[in-house]
Amino acid sequence: MELYLFFETLVFAAIIVLVLFILRTLLITISLKEIYRKRYVDLQNQLNVEIQKKQIINQRFTLIDSLSKSLQERIFKIMEELILFQKFIFEKHN
């Protein structure tokens, strides 16, 4: 009878320890979930900021590209006018 009581107490203690481990794991899981939820929100905010920066950079790049093309066209027109002017000068001298 005493051996039966010992094993019964041992099983009861094992169940209590198991329940305590389950509760500990549950609490750790809940706290980790909250921590990683905050990290996710922070990362999502950083992603949104980086997306906005990328859009601004793309807009600036497009502007610079269009300005570069415009400048090249103007230089080409000026060169064309200079060549025509030189041609006109040489024709007058001849």
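The points below comment on the fold, surface and charge pairing of a predicted model.

1. **Overall fold.** The secondary structure of the chain amounts to one helix and zero strands. The radius of gyration is 40 Å, well over the 12 Å that the globule rule gives for 94 residues, so the chain is more spread out than a compact globule. The C-alpha trace spans about 135 × 20 × 5 Å along its principal axes. Helix 1 covers residues 2-93.

2. **Burial and exposed area.** Of the 94 residues of the chain, 0% count as buried. The chain exposes about 9600 Å², and carbon and sulfur atoms supply 69% of that area.

3. **Nonpolar patch.** Which residues form a nonpolar patch on the surface? The patch is formed by V11, F12, I15, I16, V19, L20, L23, L26, L27 and I30, and together these residues have about 960 Å² of accessible area. V19, one of them, is placed in helix 1. Its relative accessibility of 42% makes V19 partly exposed, because the partly exposed class runs between the 20% limit for buried and the 50% limit for exposed.

4. **Salt bridges in general.** Side chains of opposite charge can pair when their charged atoms come close. The count for this model comes to three salt bridges, where the criterion is a side-chain nitrogen of Lys or Arg within 4 Å of a carboxyl oxygen of Asp or Glu. The three pairs are treated in turn below.

5. **R37 and E34.** The side chains of R37 and E34 meet in a salt bridge with an N to O distance of 2.8 Å. Why can these two side chains meet? R37 and E34 are three residues apart in helix 1, so about one helical turn separates them. Both partners retain some accessibility: R37 is partly exposed with a relative accessible area of 42%, and E34 is partly exposed with 35%.

6. **K53 and E50.** A salt bridge joins the side chains of K53 and E50 at 3.7 Å, N to O. K53 and E50 are three residues apart in helix 1, and about one helical turn lies between them. K53 has a relative accessible area of 45% and is partly exposed; E50, at 44% relative accessibility, also counts as partly exposed.

7. **D65 and K69.** The third pair to consider is D65 and K69, whose side chains form a salt bridge of 3.7 Å, N to O. Both residues lie in helix 1, and they are four residues apart, about one turn of the helix. D65 is partly exposed, with a relative accessible area of 35%, while K69 counts as partly exposed at 48% relative accessibility.

8. **K33.** Is K33 buried or exposed? With 65% relative accessibility, K33 counts as exposed, because its value lies over the 50% cut-off. K33 is located in helix 1. Between K33 and Q46 the separation is 13 residues in sequence and 20 Å in space, taken from C-alpha to C-alpha.

9. **Distribution of charge.** The chain carries 13 positive and 10 negative charges, and the mean positions of the two sets are 6 Å apart. For a reading of this value, the span of the C-alpha trace is about 135 × 20 × 5 Å along the principal axes.

Key:
Residues are numbered from 1 along each chain as its sequence is written. This is a predicted model: local features need pLDDT of at least 70, side-chain atom pairs count only at pLDDT 80 or more; totals for chains, interfaces and linings use all residues. Side-chain values use heavy atoms; hydrogens and water are left out. Buried means under 20% relative accessible area, exposed over 50%, partly exposed in between (1.4 Å probe, protein chains only). Patches are made of residues with over 30% relative accessible area and no salt bridge: like charges are joined within 9 Å, nonpolar side chains (Val, Leu, Ile, Met, Phe, Trp, Tyr) within 5 Å. Accessible areas come from the Shrake-Rupley method with a 1.4 Å probe; for residues, only the protein chains shown count as cover. The radius of gyration is taken over C-alpha atoms; the globule rule is 2.2 Å times the number of residues to the power 0.38. Lys and Arg count as positive and Asp and Glu as negative; His and the chain ends are not counted. The place of a charge is taken as NZ of Lys, CZ of Arg, CG of Asp or CD of Glu.
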